[in-house]
Every structure is written in C-alpha cells, then in structure tokens.
Amino acid sequence: MTLKRNTWLLILMASIVFSFLFFLLLTNNRVEYIGKVDIALGTRVKVVVSADHPERVINAILREFHRIEDKFTVNEKKNDKSVISRINQSDTYPVVIDEETAFVIERSLGLAQGTNGAFDPALGNLIKLWGFDRISDADFEPDVPTQEEIDRAVRLSGYEHVSVEGNKITLENGVALDLGGIVKGYAIDRGVEIGREMDTDATGYIDAGGDIGIIGPKFGGDFWSVAVRDPEGEPDDYVEKVFLEKGAVVTSGDYERTFEIDGKRYHHILNPKTGRPVRKTKSSTVIAPNAMDADVLSTAGFVLGGEFASIMLPPLGGQGYFIGEDGKVKTTAGWHFFTERR
Ligand code: AMP
Ligand code: MG
C-alpha cells in the first residue's frame with residue numbers, strides 16, 4: 001500500500017516537472033542551433049548555426065572549407081594542382097597569383113616579420129623532410145631526419161626569401177611555402193564571413209579541430225564558452241575556459257600531429273632556427289579578432305614560449321595562454337579579460 005502511494009506520488013511529481021519543461025519549451029523564444037560535422041583540412045570541422053535556413057548556411061561554409069583545402073594544400077598526394085604546389089614547383093619566378101592567394105601569403109609574411117620569424121610560412125622543405133605534410137596518410141612511415149638533412153633544409157628555408165608584389169610572387173634560395181599554420185584560420189574566417197553574408201542575423205560558431213571562430217553571439221546576445229584543452233589530458237579535459245561573443249580562439253598543441261620513435265615523441269611545430277620540433281611548449285592558445293591571425297599567433301607563441309610570447313603577441317593583436325614544458329602557465333596581461341563571463 002505504502003509502495004503504491006509512493007509510486008503515485010512519483011508519477012505526480014514527474015508530470016509536474018514535465019509540464020513545467022513543456023511550458024518552458026513553448027514560451028522559450030530562444031533560437032535553435034543546428035550543427036553538422038565534416039572532415040576538412042585534415043581535421044574535424046563542426047559548424048553550429050542558427051539562421052533562417054541553417055542547413056544552407058552550414059553547407060556553404062563546409063563547401064568553402066573544401067575549396068580552401070584544395071587550393072592551399074601542400075600534400076602533393078592529395079592535390080598537386082594546388083596554388084601552393086604550383087608556386088613551389090615552378091621553374092621560373094615570378095609566378096602570377098590571384099588576389100586571395102596574395103592576401104593570405106602577404107599576411108603570413110607580415111606576421112613572420114612581426115614575430116621575428118617564429119612563424120615562418122617558408123618552412124616547406126623542413127616540414128616535408130619531417131613528413132608533417134602527410135602525417136595523416138595511411139602509408140606514412142615516420143623517420144627522424146639526420147642532422148645533415150636538417151641543416152640542409154634549414155638553409156633552404158626562410159620567409160626573407162619570399163616576396164610578393166601585387167599579383168606576383170618570387171621564391172629565392174630554393175625555399176618552399178607551407179601554409180599549414182595559417183590556412184585553417186583563414187578558412188574559419190571565410191566561413192564566418194559567408195555565414196554572415198548569407199544571413200545577417202545568423203549566429204553560431206565554427207569549430208575546426210578545437211580552433212573556434214564566432215559567427216555571432218549565442219542566442220543573439222550571450223557569450224559562447226570555449227574550453228582550452230589540457231595538453232596532458234584526454235581530448236575533453238580542459239584547463240581554462242574563455243567567453244567570446246566575437247573573434248576567434250586557436251590552440252597549437254604538441255599532441256596534434258605526432259609520431260613516436262624509440263619512445264620519443266615528435267610533433268608538427270618546428271623551430272625555424274634549429275629545424276626540430278619545439279620542446280619548450282606544450283600548448284599555446286591565442287584569442288584574436290580574426291581566426292587567421294589567431295592561428296598564426298598561436299603557432300608563433302608555441303615557438304616563442306610563454307615568456308616571450310606574452311610580451312610579443314599583444315602588440316600584434318593576440319592575447320594568449322601558454323603552457324610550458326614544465327606545465328607552468330604564462331598568460332598575456334589581457335588574457336583575463338576573456339576568462340570571466342561579462
Ligand atoms: P598549427 O597547428 O596551427 O600550430 O600549425 C602547425 C602547422 O604549421 C604544421 O603542421 C606545419 O605545416 C606548419 N608549421 C610548423 N612549424 C611552423 C612554424 N614555425 N611557422 C609556421 N608554420 C609552421
Ligand atoms: Mg596555428
């Protein structure tokens with residue numbers, strides 16, 4: 001008898017809770033979000049949008065990611081017709097390039113100068129030597145290059161050997177371009193732009209392997225909270241949360257593209273001076289007004305290390321959070337502006 005009464009009580013309470021939730025659903029005029037996931041630029045791309053025709057917006061953004069991947073990849077197995085392969089493999093210079101290519105390369109050269117070469121878009125020979133241009137291929141066999149090979153590739157690298165004048169680019173000294181440290185950011189920016197062009201009221205975000213560009217504030221006026229991944233933990237573990245209603249946040253981590261030989265792990269961010277994977281940083285996260293700059297500056301911050309990055313990046317438009325090899329955290333002075341929900 002007691003049991004029965006309890007059961008009735010439970011049912012009654014459940015129905016009260018359900019009707020309340022249903023009421024909330026009916027009266028809630030907050031916008032709904034639709035998300036879709038795809039693979040592009042070697043990473044998982046998730047687009048979350050609220051708009052009049054969200055599917056159309058999402059598909060257009062994902063199409064743009066694939067277009068940019070085909071155009072800028074350096075993985076020759078994937079596409080030897082990319083504009084980057086065409087520039088790298090040309091017998092004569094200058095090579096004529098389109099406006100978009102000039103825009104991305106010029107920005108990468110500007111920030112290479114601004115970061116004292118910590119970010120260098122002309123490391124193509126080094127990156128190829130280590131195999132980080134094709135580490136996601138099934139038949140990739142990792143190998144640690146010899147010191148001689150590394151020295152040679154360092155000599156055949158350096159942004160100072162690249163010049164863009166109008167629609168013409170010249171590579172000297174046998175250098176090759178690799179825009180792997182900027183293209184993902186550029187694709188996010190283009191995606192954000194397309195979303196807003198298609199629907200001025202569109203809100204949402206683009207998440208390309210944890211690198212985020214904001215299309216518009218959550219529910220039209222709220223902040224999106226973005227987790228900064230714990231480089232030592234599982235993919236879902238995080239060390240910090242930031243709140244953004246616009247702009248972008250990008251992380252470069254030592255866990256992203258790696259291979260292991262004799263118990264030693266090698267990852268994809270190279271010190272342009274030594275030609276070897278950077279050891280002093282575990283992860284570098286940068287917030288900037290656009291994803292292209294955040295992408296470049298996160299890679300640069302990784303190479304520079306927290307001590308230098310925390311001073312050098314703010315004048316270039318980036319606020320950052322850097323985890324050193326010893327696990328110590330260093331941030332720029334303005335970072336904390338983003339860690340509180342305002
Ligand atoms: P990210 O994951 O954005 O830090 O970019 C890393 C990618 O950028 C690598 O996979 C390389 O293609 C390229 N890269 C590696 N080291 C550098 C560097 N010091 N400067 C510019 N690009 C780099
Ligand atoms: Mg980057």
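**Strand pairing, cores and a metal site**

Within strand β5, the residue bridged to Val96 is Lys168. This pairing is a good place to start a tour of the structure, which is a predicted model in which local features need pLDDT of at least 70 and side-chain atom pairs count only at pLDDT 80 or more, while totals for chains, interfaces and linings use all residues. Residues are numbered from 1 along each chain as its sequence is written, chains are lettered from A and ligands numbered from 1 in the order in which they are written, and side-chain values use heavy atoms, with hydrogens and water left out.

Seen as a whole, the protein contains 9 helices and 15 strands; helices (H or I, at least four residues) and strands (E, at least two) are DSSP runs, numbered from the N terminus. Of its 342 residues, 50% are buried, where buried means under 20% relative accessible area, exposed means over 50% and partly exposed lies in between, with a 1.4 Å probe and protein chains only. The protein exposes about 17,800 Å², of which carbon and sulfur atoms supply 52%; accessible areas come from the Shrake-Rupley method with a 1.4 Å probe, and for residues only the protein chains shown count as cover. Among contacts (heavy atoms within 4.5 Å) between residues at least 6 apart in sequence, 61% join residues at least 24 apart.

Back at β5, which covers residues 168-171, the side chains alternate. Ile169 and Leu171 point to one face and are buried, whereas Lys168 and Thr170 point to the other and are not. In a regular strand, side chains alternate between the two faces of the sheet. Two strands are taken to pair if DSSP finds at least two bridges between them. Strand β3 (residues 95-96) runs antiparallel to β5 and is joined to β5 by 2 bridges. Strand β4 (residues 162-165) is also antiparallel to β5, with 4 bridges between them, and here Glu165 stands opposite Lys168. β4 and β5 form a hairpin with 2 residues between them, and Gly166 in the turn has a positive phi of about 60°.

Ile169 of β5 reappears in the largest nonpolar core, a set of 66 residues in which Phe65, Phe72, Ile87, Ile169 and Ile206 touch the most other members. Such a core is a set of buried Ala, Val, Leu, Ile, Met, Phe, Trp, Tyr and Cys residues joined through side-chain atoms within 4.5 Å. Helix α8 gives this core its largest share, 9 residues. Another core, of 15 residues, lies apart from it and includes Tyr205, Ile214, Val226 and Val242. Leaving aside neighbours within four places in sequence, Ile87 is in contact with Tyr93, Val95, Ile97, Thr101, Ile105, Ile169, Leu171 and Leu177.

Tyr93, one of those contacts of Ile87, is joined to Pro94 by a cis peptide bond with omega of about 5°. Pro94 sits in the loop between α3 (83-88) and β3.

Two longer helices can be followed next to these elements. Helix α7 (residues 183-198) has 16 residues and reaches 22 Å from its first C-alpha to its last, close to the 22 Å expected at 1.5 Å a residue; the expected span is 1.5 Å times one less than the number of residues. α7 is mostly covered, as 12 of its 16 residues are buried, including Tyr186, Ile188, Val192 and Ile194. The cover includes β2 (43-50), α2 (54-72), α4 (99-114), β6 (203-208), β7 and α8. α4 likewise has 16 residues, and its end C-alpha atoms are 22 Å apart, in agreement with the 22 Å expected. Among the buried residues of α4 are Thr101, Val104, Ile105 and Leu109, and these buried residues pack against α2, α3, β4, β5, α7 and α8.

Helix α8 also contributes to a metal site. The protein donors of the magnesium ion (ligand 2) are Asp295 (O), Asp295 (OD) and Thr299 (OG1), lying 2.1 to 2.3 Å from the ion. Donors are N, O and S atoms within 2.8 Å of the metal (3.2 Å for Na, K and Ca); water is not among the atoms, so sites may look incomplete. Asp295 and Thr299 are 4 residues apart in α8 (residues 291-304), and so are separated by about one helical turn. Asp295 is buried at 7% relative accessibility, as is Thr299 at 14%.

Finally, two loop residues deserve a look. Phe219, in the loop between β7 (211-216) and β8 (224-229), has a positive phi of about 50° although it is not a glycine, and at 30% relative accessibility Phe219 is partly exposed. Asp262, in the loop between β11 (258-261) and β12 (264-267), also has a positive phi, near 50°, and is exposed at 80%.
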